[in-house]
Amino acid sequence: MARGGHGRRLGLALWLFLALALAPRALRAKPTVRKERVVRPDSELGERPPEDNQSFQYDHEAFLGKEDSKTFDQLTSEESKERLGKIVDRIDNDGDGFVTTEELKTWIKRVQKRYIYDNVAKVWKDYDRDKDDKISWEEYKQATYGYYLGNPAEFHDSSDHHTFKKMLPRDERRFKAADLNGDQTATREEFTAFLHPEEFEHMKEIVVLETLEDIDKNGDGFVDQDEYIADMFSHEENGPEPDWVLSEREQFNEFRDLNKDGKLDKDEIRHWILPQDYDHAQAEARHLVYESDKNKDEKLTKEEILENWNMFVGSQATNYGEDLTKNHDEL
């Protein structure tokens with residue numbers, strides 16, 4: 001499962017359908033670039049690249065996403081500062097005139113979560129065919145797999161047949177895990193858990209299991225080092241492996257394979273993709289405070305934030321102006 005990740009999908013099966021239907025076969029080869037499988041509770045936020053300390057690109061994209069940050073780039077500096085100043089008042093939860101690291105972290109996490117629910121709202125009508133404000137498994141299955149199920153002969157001799165045959169029961173298993181009351185229908189909260197399982201504690205085992213199934217090519221129930229590397233890198237030409245691949249092999253031996261048996265079991269996969277010791281929203285909040293805190297009192301005034309407006313502009317803290325017109329009760 002890719003980050004952003006683990007970013008934000010319409011469901012694995014629907015993604016596969018669109019990819020297989022629209023992409024030329026020549027473009028369906030495995031990527032030769034590094035794939036990130038680590039899932040974060042704030043999974044829009046990845047690792048801060050060291051070269052980004054001056055450009056603020058990470059700060060903008062961590063808050064907004066790549067596309068929305070481009071939209072905000074079109075504003076003038078005066079418009080940006082005005083919108084940012086009004087948002088600072090909302091981030092300051094206790095109204096004491098300061099923005100603390102904790103307040104900034106809380107804001108980032110809330111906006112990240114709202115992004116997920118907005119994503120679900122955008123696709124809800126595509127699945128809720130009878131308009132009863134619930135999505136049954138049958139509705140989802142027909143919306144996603146209906147053409148395949150209705151025209152099996154078209155897929156019988158293609159590799160797509162194997163793909164859909166594999167993904168249908170996998171999606172059904174995930175749907176059942178998200179369906180907490182077991183009524184074969186999903187509320188908006190349950191459907192959000194189905195589409196974004198990495199964001200819900202009760203779905204974490206599904207995330208681990210799907211990751212294992214994706215990478216475990218020999219079907220022995222474990223991930224060995226070659227499978228681990230093959231998931232990230234496809235060595236299509238003879239020659240030396242890139243340095244980052246060699247580094248990942250060392251990571252596998254030293255940090256992933258905890259019991260040193262040469263392979264990863266479910267617990268080790270969980271430890272790898274669902275780390276409990278790093279909070280990207282916390283790290284980003286600390287970074288923003290550190291870079292903007294002129295008097296080093298470990299909190300920010302509105303003036304300090306506006307003085308460093310270029311770092312904050314384009315972030316979801318401003319949400320390119322939408323926060324100025326929306327009701328903020330849910331935040």
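Modeller: A residue counts as buried when its relative accessible area is under 20%, and that cut-off will help us read this model, which is a predicted one.

Biologist: With that cut-off in mind, is Tyr-228 buried or exposed?

Modeller: The relative accessible area of Tyr-228 is 0%, and the limit for a buried residue is under 20%. Tyr-228 therefore falls on the side of the limit that we call buried.

Biologist: Which residue forms an aromatic pair with Tyr-228, and how is that pair classed?

Modeller: The structure holds 14 aromatic pairs, and one of them joins Tyr-228 to Phe-252, with 5.1 Å from centre to centre and 55 degrees between the planes. Tyr-228 belongs to helix α12 (residues 225–232) and Phe-252 to helix α13 (residues 243–256), so the pair ties together parts that are 24 residues apart in sequence. Phe-252 is itself buried, at a relative accessible area of 1%. The partner of Tyr-228 is thus Phe-252, and the pair is tilted.

Biologist: Which residues form one aromatic cluster?

Modeller: Aromatic residues also come together as a cluster in this model. Its members are Trp-124, Tyr-127, Trp-137, Tyr-140, Phe-175, Phe-191 and Phe-194.

Biologist: How are helices α11 and α14 oriented where they pack?

Modeller: Helix α11 (residues 204–215) packs with helix α14 (residues 266–273) at an angle of about 105 degrees, and their axes are 10 Å apart. Angles of 65 to 115 degrees belong to one class, which means that α11 is, relative to α14, roughly perpendicular.

Biologist: How do the residues of that contact divide into nonpolar, polar and charged?

Modeller: On the side of α11 the contact is made by Glu-205, Val-207, Val-208, Leu-209, Thr-211, Leu-212 and Ile-215, while α14 contributes Lys-266, Ile-269, Arg-270, Trp-272 and Ile-273. Sorted by character, the residues of this contact come to eight nonpolar, one polar and three charged.

Biologist: Is Asp-160 buried or exposed?

Modeller: Asp-160 lies in helix α9 (residues 159–178), and its C-alpha is 9.5 Å from that of Tyr-148, a residue 12 positions away in sequence. Its relative accessibility is 10%, and because the limit is under 20%, Asp-160 counts as buried.

Biologist: Turning to the whole chain, what percentage of the residues count as buried?

Modeller: The protein chain comes to 17 helices and six strands, and its accessible surface is about 17400 Å², of which carbon and sulfur atoms account for 51%. Among contacts with a separation of 6 or more, 67% join residues 24 or more positions apart. Of the 331 residues of the chain, the share that counts as buried is 46%.

Technical notes: Residues numbered from 1 in each chain as written. Predicted model: local features only at pLDDT ≥ 70, side-chain atom pairs only at ≥ 80, totals over all residues. Heavy atoms only, no water. Axes fitted to C-alpha atoms, helices over the stretch in contact; angles between N-to-C directions. Helix = DSSP H or I, 4+ residues; strand = E, 2+ residues; numbered from the N terminus. Parallel < 35°, antiparallel > 145°, perpendicular 65-115°, else oblique. Contact = heavy atoms within 4.5 Å. Nonpolar A, V, L, I, M, F, W, Y, C, P; charged D, E, K, R; others polar. Buried < 20%, exposed > 50% of the residue type's maximum accessible area, 1.4 Å probe, protein only. Areas by Shrake-Rupley, 256 points an atom, 1.4 Å probe, with all protein chains shown as cover. Phe/Tyr/Trp six-rings, centres within 6.5 Å; stacked < 30°, edge-to-face > 60°.
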